[in-house]
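Please open the structure in your viewer and keep the selection tool at hand. We will go from stop to stop, choosing a residue or a helix each time and looking at what lies around the selection.

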Amino acid sequence: MTRTEIIEKIKGVIFDCFPEMTDADLAEDTVINTETAIDSMGFVLIICKLEALFDVRIPERQWQKLSTLGDVADSIEKRLPKA
């Protein structure tokens, strides 16, 4: 899976959880908790859905280090099995 595909799937989960953000322009440097309407509980929901979608586990202690869309993509990308 390419990084672009990962980013698009992450955006899909965000838009599914927060349909009011469908028109938002999310880039890799978008800070999820401050530049969007997503609060900490919403962020936890997104991470849990992403873990299920990608079949990966992101340790809770890592969650606080994830701030941008790119950070989330990096975390998922490094946990995916190598092809």
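Select G70 to begin: in this predicted model, G70 has a relative accessibility of 5% and so counts as buried, since the cut-off for buried is under 20%. G70 belongs to helix α4, and, if you leave aside its neighbours within four places in sequence, the residues in contact with G70 are R3 and E28. If you then add I47 to the selection, you will find its C-alpha atom 13 Å from that of G70, although the two residues are 23 apart along the chain.

Now widen the selection to the whole of helix α4, which covers residues 69–79. Which residues of α4 are buried? They are L69, G70, V72, A73, S75 and I76, and these buried residues pack against two other helices, α1 (3–17) and α2 (40–54). While you look along the helix, it helps to remember that an α-helix has 3.6 residues a turn, so residues three or four places apart point the same way.

Keep α4 and add α1, and turn the view until you can see both axes, which lie 10 Å apart and form an angle of about 115°. The crossing of α1 past α4 is right-handed. On the α1 side the contact is made by R3, I6, I7, I10, K11 and I14, while α4 contributes L69, G70, V72, A73, D74, I76 and E77. Sorted by type, the residues of this contact comprise eight nonpolar, one polar and four charged.

Next, hide α4 and show α1 together with α2, whose axes are 10 Å apart and whose packing angle is about 130°. These two helices are therefore oblique to each other, and α1 passes α2 in a right-handed crossing. To see where they touch, select I6, K9, I10, V13, I14 and C17 in α1, which meet L45, I46, K49, L50, L53 and F54 in α2. Among the residues of this contact, 10 are nonpolar, two are charged and none is polar.

With α1 and α2 still in view, colour the cysteines C17 and C48. A disulfide is a covalent bond between the sulfur atoms of two cysteines. How many disulfides does the structure hold? There are zero, and for C17 the reason can be seen in the distance, because its sulfur is 9.8 Å from the closest cysteine sulfur, that of C48, which is too far for a bond. C17 is buried, with a relative accessible area of 17%, whereas C48, at 36% relative accessibility, counts as partly exposed.

Stay on α2 and select M41, which lies in this helix. Is M41 buried or exposed? With a relative accessibility of 62%, M41 counts as exposed. Adding T22 to the selection shows a separation of 19 Å between the C-alpha atoms of M41 and T22, which are 19 residues apart along the chain.

For the last stop, move to D55, which you will find in the loop between α2 and α3 (60–63). D55 is exposed, with a relative accessible area of 70%, and its backbone deserves a careful look, for D55 has a positive phi of about 55° although it is not a glycine.

Technical notes
Residues numbered from 1 in each chain as written. Predicted model: local features only at pLDDT ≥ 70, side-chain atom pairs only at ≥ 80, totals over all residues. Heavy atoms only, no water. Buried < 20%, exposed > 50% of the residue type's maximum accessible area, 1.4 Å probe, protein only. Helix = DSSP H or I, 4+ residues; strand = E, 2+ residues; numbered from the N terminus. Contact = heavy atoms within 4.5 Å. Disulfide = S-S within 2.5 Å. Axes fitted to C-alpha atoms, helices over the stretch in contact; angles between N-to-C directions. Parallel < 35°, antiparallel > 145°, perpendicular 65-115°, else oblique. Left-handed = near helix turned anticlockwise from the far one by under 90°. Nonpolar A, V, L, I, M, F, W, Y, C, P; charged D, E, K, R; others polar.
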